[in-house]
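Here's a quick walk through one structure, from its empty spaces to its ligand and a few backbone oddities. Have the viewer open as you read.

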Amino acid sequence: MGIRIGEKERLFSLETAHTLYQMKADETDVLLHLWYGPGTGTDMSYRIRTVNRGFCGNPYEARDRLDYSLDTLPQEYGTNGVGDFRSAALQALLPDGSGSTDWRYAGFRLLKGKEKPEGLPGLRGDGGTEGLEIRLEDKAAGLAAYLVYWVFEKQDVIARSVRVENRGSGDVILKKAASLCIDIPYGRKEVIHFHGRHAMERQAERLPLPQGGRLAFESRRGMSSHQSNPFVILCDPETTERQGECMGCMLMYSGNHLEEISVDQTGSIRLASGIHPEGFSWRLGPGESFQTPEAILSYSAEGLNALSRNYHRLIREEVLPPRWRGVRKPVLVNSWEACYFDFDAEKLLRLARSAKELGIEMLVLDDGWFGRRDDDTTSLGDWRCNEGKLGCGLKELSERIHALGLCFGLWFEPEMVSPDSDLYRNHPDWALTDPGRDPMVSRHQLVLDMGRAEVQDYLFEVMSRILKDARIEYVKWDFNRSVANCYSRALPENRQGEAPHRFMLGTYRLLERLTEAFPDLMIEGCSGGGGRFDAGILYYCPQIWCSDNTDAVERLEIQRGTSYGYPVCAMGAHVSACPNHQTGRTVPFDTRGIVAQAGTFGYELNPDRLSAEEKKTVKAQIAAFHRNETLIAGGDYYRLDETEGDYTAWMFVSPEKDEALVTAAATHVRANGPFPWVRLQGLDPGRTYRREDTGETMTGAALMYGGISFPQFSGDYPAAQVRFTAQRPSESGRG
Ligand code: GLA
């Protein structure tokens, strides 16, 4: 395992527990992509066959080999303008006005000890990783591209990024720099992507690939977006949750992104992912470099659930802040749906008192505590407590909440500014706006120019002051609009194409500074729900509010879609009041609890308004959550595949395979319907398990192949949960 290099054949093999990633520099110094799939123990270059395809030109040095064409060879980082007519990995405007780029292998270097891409979040490498840097050069362009690969053996992951260096004597304008490009020469594939909208994020859709065409999944909103998550899966048409080949590609970035999947004339597939080239350009002076975000590749031959588990393990172990790894998080109540903008300290304390009685452990004060903010038209940027509204300061409020035995959390929306704010009145140039044009306003707000050091400093100071003054264990970090008019008053005219990426670098810098200064502060990411649910944000925030849609029935789809790439321990999920504020639907309290337990678990309602019966249910839900929380947060998660019908089901299995929690939630109840039936996964086939609700004992093999059924569902949106415990050998003898 690890990295093997055949220096004579210039063959590079990156091996993880179950996979092999292989490439080779050929006789013309073109870096060919040979293989990404199960370990084969062999040089896969035998698969490269060439033939003169017509209208596929030849590189000058191979001009007499009519079968040798960049247009048909599988490559590691596609060229531009020199005979590969597929989508280019990199585009640049060179000092002489030309724009071709032609990469040739120029050497390699082994790397030890994972480094993060400069200025960006990256996989941590806490488990110790080996890396490989391959240098490609384009001598005529005066450019070098350093392709960096990190091998995460245990999780079956390869992380890729690229650093582009200007080695010439004039300025180069980079117009596109994909983090990765990978060519798959044979086989039919389908793509699963995650689209959506505000309050309906990460809807999984599976599509065939268009022959000779191109699919693009993208965001140009200055954020990873509700509309298209920076994660795609390529799989065989026959792949299911339980079996078949699939590979994922996740970009660790929270800004504009593009995932391109194209199929060429012979059916060869090219996948590329990176910062969206539209609206992007970066001026590289002589000697300067540009660093792309990291892209995370994983492969599984055992179906989509296994692929998801690779990502879950990786994100838990190598992305999330180590401070929160395996740590029990408080069950919280959030003030947003409980009282929106309408609160004062007394009302919050009443809410806190009732919450405490129910077993809730933290009160989060959402939007509306600062400036003159009683609605969403004002005060973003003026991060000073509105003592007139609250009736006291944050310090006093927090002390009183702590005196009740609860932790205290606070909402911020750092990157935003209201035109009606002191911050905007004092620093109008700190907002992103185009010269001579009225800016687009969204939710009455503008976006700050986060690339500017003085904006980062202001936010760091004003937030630090509050976090030092009052005892605050948790911050909800919101981001409530798309970025438009992305023009920075601090950049010269010829560098404006840098503004969107500088915005992201500035946001990451601020997150970095705050998490370093307040190591015990837990930050929950948020963006109008889950508009920035990506691995970049997860590097700083151990959890992200999954969606503003708290309807448990809709959450089934949102959380299921999210689970393809992201672990349950990172999905913010709360029980809210019914009729639900987004859909008007009424769902039983039990079902709401069960669905929120497939997430970080909390409440988004006013506990004062609950009936005595509901209060009893809340207490029971919290007790059940505590009993299962290690299993939920750290166990293996499986989508149970028989579910695309009237009910959705999922399960958790402990790493030791001795405990399992299986849940089914009905979205459609039918008269005289069949028993809801699921086949379990991930158990030890030879062990005996006891089903807690019925006391029955069955082998893991029976549960996984014979499955279990739930009682017939009745009523609106019922759900059921069953727990299994493995018997000790002495007990199973009696089973
Ligand atoms: C966003 C969040 C909500 C809430 C509001 C406050 O929409 O997703 O949870 O915090 O902002 O304005």
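## The largest cavity

The lining of the largest cavity is a mix of 6 nonpolar, 6 polar and 1 charged residues (Ala, Val, Leu, Ile, Met, Phe, Trp, Tyr, Cys and Pro count as nonpolar, Asp, Glu, Lys and Arg as charged, and the others, Gly among them, as polar). Those 13 lining residues include Tyr 253, Asn 256, Ile 275, Pro 500 and His 501, which lie nearest the centre. Helix 8 (residues 499-517) gives the most to this lining, with 4 residues; helices (H or I, at least four residues) and strands (E, at least two) are DSSP runs, numbered from the N terminus.

The space in this cavity comes to about 80 Å³, and the whole structure holds 8 cavities of 30 Å³ or more. A cavity here is a set of points, on a 1 Å grid over the protein atoms alone, where a 1.4 Å probe fits but cannot get out, and lining residues have an atom within 4 Å of a point. Points are joined across faces, edges and corners, and the volume is the space filled by probe spheres set on them.

## Ground rules

This is a predicted model, with local features needing pLDDT of at least 70 and side-chain atom pairs counting only at pLDDT 80 or more, while totals for chains, interfaces and linings use all residues. Numbering runs from 1 along each chain as its sequence is written, and side-chain values use heavy atoms, leaving out hydrogens and water.

## Around the ligand

The ligand has 13 residues around it, with Asp 366, Asp 367, Lys 476, Gly 529 and Asp 548 the closest (a heavy atom within 4 Å puts a residue in this shell). By class, the shell divides into 4 nonpolar, 3 polar and 6 charged.

Which polar contacts (N or O atoms within 3.5 Å) does the ligand make through its oxygen atoms? A side-chain N or O atom of Arg 443 is 2.9 Å from a ligand oxygen, and one of Trp 411 is 3.1 Å from a ligand oxygen. Gly 529 uses a backbone N or O atom, at 2.8 Å. The protein covers 96% of the 310 Å² of accessible area that the ligand has on its own (Shrake-Rupley, 1.4 Å probe).

## Backbone oddities

Cys 578 and Pro 579 are joined by a cis peptide bond, with omega about 0°. Pro 579 sits in the loop between strand 30 (574-576) and helix 11 (589-596).

His 444 isn't glycine, yet its phi is positive, near 60°. Look for His 444 in the loop between helix 6 (422-426) and strand 25 (446-447).

Terms used:
1 Å grid on protein atoms, 1.4 Å probe; cavity = no way out; pocket = protein on both sides within 12 Å on 5 of 7 lines; lining within 4 Å. Polar contact = N/O pair within 3.5 Å; in protein donor to acceptor, adjacent residues only side chain to side chain.
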